[in-house]
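Reader: Hi! I'm new to reading structures. Could you walk me through this one?

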Number of protein chains: 2
Amino acid sequence: MFDPLPLLDQPPRERADAARNREALLAAAARLVEHCGVDAVTMDNVAAEAGVGKGTVFRRFDSREGLMAALLNRSETEFQRLVIEGPPPLGPGAPALERLHAFGHSRMEVNLQHAELIRAAGRAGERSYAAMSFAAMHVRYLLSQLGVRGDIAFLATALLAPLEMVVLVQQTRDEQVPIERIQHGWDDLVRRIACREVNQPPSG
Amino acid sequence: MFDPLPLLDQPPRERADAARNREALLAAAARLVEHCGVDAVTMDNVAAEAGVGKGTVFRRFDSREGLMAALLNRSETEFQRLVIEGPPPLGPGAPALERLHAFGHSRMEVNLQHAELIRAAGRAGERSYAAMSFAAMHVRYLLSQLGVRGDIAFLATALLAPLEMVVLVQQTRDEQVPIERIQHGWDDLVRRIACREVNQPPSG
């Protein structure tokens with residue numbers, strides 16, 4: 001059985017209007033990221049997009065770095081929610097192998113977006129141990145479901161390591177490898193790691 | 001054919017006595033790392049160990065960060081030399097599969113040492129692209145020698161990614177996984193990635 005994992009950093013209970021205010025600012029910032037890229041997310045632009053004064057943005061997030069860290073957290077939480085209870089094949093309901101492929105592709109995209117946010121967030125957005133351990137637990141679960149033998153914990157690490165931001169950024173930015181080629185390579189890696197037993201002819 | 005790769009950052013030709021002086025200081029610092037750990041490497045300690053004045057150490061390396069970056073470079077260069085022309089199985093002369101296992105184990109140890117040096121070197125010692133591309137080229141070469149089919153470049157990335165410092169440090173420090181277990185898991189990963197074709201029964 002898969003116990004849903006706690007989502008990251010659930011905020012302390014805020015008064016409902018303050019929470020709505022915060023979410024409106026984050027949603028405005030997320031729209032800016034989506035349409036104009038991370039560099040367009042300034043405190044001024046977020047205030048304008050959300051239709052509030054700049055002071056409101058500063059009171060809520062202290063600094064652009066703080067805003068970026070909050071965006072990062074919101075995005076990771078949403079990703080975890082989709083894995084836990086979203087539609088298949090990322091969410092429950094698809095066969096484990098399909099879920100594993102879907103997880104890798106989504107994680108790759110999320111990590112590439114997050115690499116930008118982390119760069120902008122500075123130390124406030126360092127590689128999140130909570131995000132890594134969520135991913136590791138989910139991949140271990142799927143490998144177990146697939147009946148993979150061996151050191152499941154290390155094999156999960158091996159599947160996730162090529163999706164680490166530092167490795168992805170090197171491939172996509174420094175070596176100009178197209179993302180489709182990385183996805184294709186990762187799918188092949190999954191087959192080599194996870195399907196060995198599945199593909200073995202029955203013994204005896 | 002394997003063309004030996006250029007070693008990292010070969011220093012510009014220095015006068016022979018200056019080069020000897022520099023090497024004596026680095027050798028002293030390396031002894032301190034080996035016997036007392038990275039934290040023991042202060043400018044004072046290095047001067048004392050090398051039998052020179054502290055001013056000499058500062059003139060040569062500017063700062064402790066600069067000294068750490070030089071140590072990192074020296075260690076990587078030595079590692080590359082051992083791979084290119086050292087004794088087997090890390091160096092040439094052993095079967096490709098043995099060399100691949102030896103390379104992974106050595107790289108793991110070197111990266112764990114380097115993670116400490118990089119921490120101490122600050123920005124001066126950021127993850128070296130040159131070191132990564134040396135490792136990638138060597139692993140691609142060995143995978144080709146093994147007759148592995150598929151996207152050799154991505155498979156090399158997949159073999160090296162679990163040896164990335166950030167991944168190793170999380171395993172060994174945050175999750176307290178013993179290094180032997182990581183080595184064992186990596187050897188299994190090599191078999192899954194590299195030996196699929198080798199182990200396949202002949203067709204037809």
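Reader: How many aromatic pairs are there over all chains?
Author: A search of the whole structure, which is a predicted model, finds 2 aromatic pairs over all chains. For a pair, the ring centres of Phe, Tyr or Trp (its six-membered ring) lie within 6.5 Å; planes under 30 degrees apart are stacked, over 60 edge-to-face, and the rest tilted. One of them joins A:Phe79 and A:Phe103, a tilted pair with 5.6 Å centre to centre and 50° between the planes.

Reader: Where do A:Phe79 and A:Phe103 sit in the chain?
Author: A:Phe79 is in helix α4 (residues 64-85) of chain A and A:Phe103 in helix α5 (residues 96-121) of chain A, so this pair links distant parts of the chain, 24 residues apart. Helices here are DSSP runs (H or I, at least four residues), and strands (E) have at least two, numbered from the N terminus.

Reader: Cool. New topic: how many salt bridges over all chains?
Author: The structure holds 22 of them over all chains. The rule wants a side-chain nitrogen of Lys or Arg within 4 Å of a carboxyl oxygen of Asp or Glu. A:Asp44 and A:Lys54 make one, with their closest N and O atoms 3.4 Å apart. Because A:Asp44 lies in helix α2 (residues 43-50) of chain A and A:Lys54 in helix α3 (residues 54-61) of chain A, the pair ties together parts 10 residues apart in sequence.

Reader: And how many salt bridges between chain B and chain A?
Author: The count there is 2. In one of them, the side chains of A:Arg181 and B:Asp151 meet at 2.7 Å, N to O.

Reader: Which element of chain B gives the most to the side that touches chain A?
Author: That's α9(B), with 9 residues. On that side of chain B, 15 residues are nonpolar, 6 polar and 13 charged (Ala, Val, Leu, Ile, Met, Phe, Trp, Tyr, Cys and Pro count as nonpolar, Asp, Glu, Lys and Arg as charged, the others, Gly among them, as polar).

Reader: How many residues does each chain put into the contact?
Author: Chain B gives 34 and chain A gives 34, where contact means heavy atoms within 4.5 Å. The copies meet through the same surface, because 100% of the interface residues of chain B are also interface residues in chain A.

Reader: Anything on how to read the labels?
Author: Residues are numbered from 1 along each chain as its sequence is written, and chains are lettered from A and ligands numbered from 1 in the order in which they are written. In this predicted model, local features need pLDDT of at least 70 and side-chain atom pairs count only at pLDDT 80 or more, while totals for chains, interfaces and linings use all residues; side-chain values use heavy atoms, leaving out hydrogens and water.
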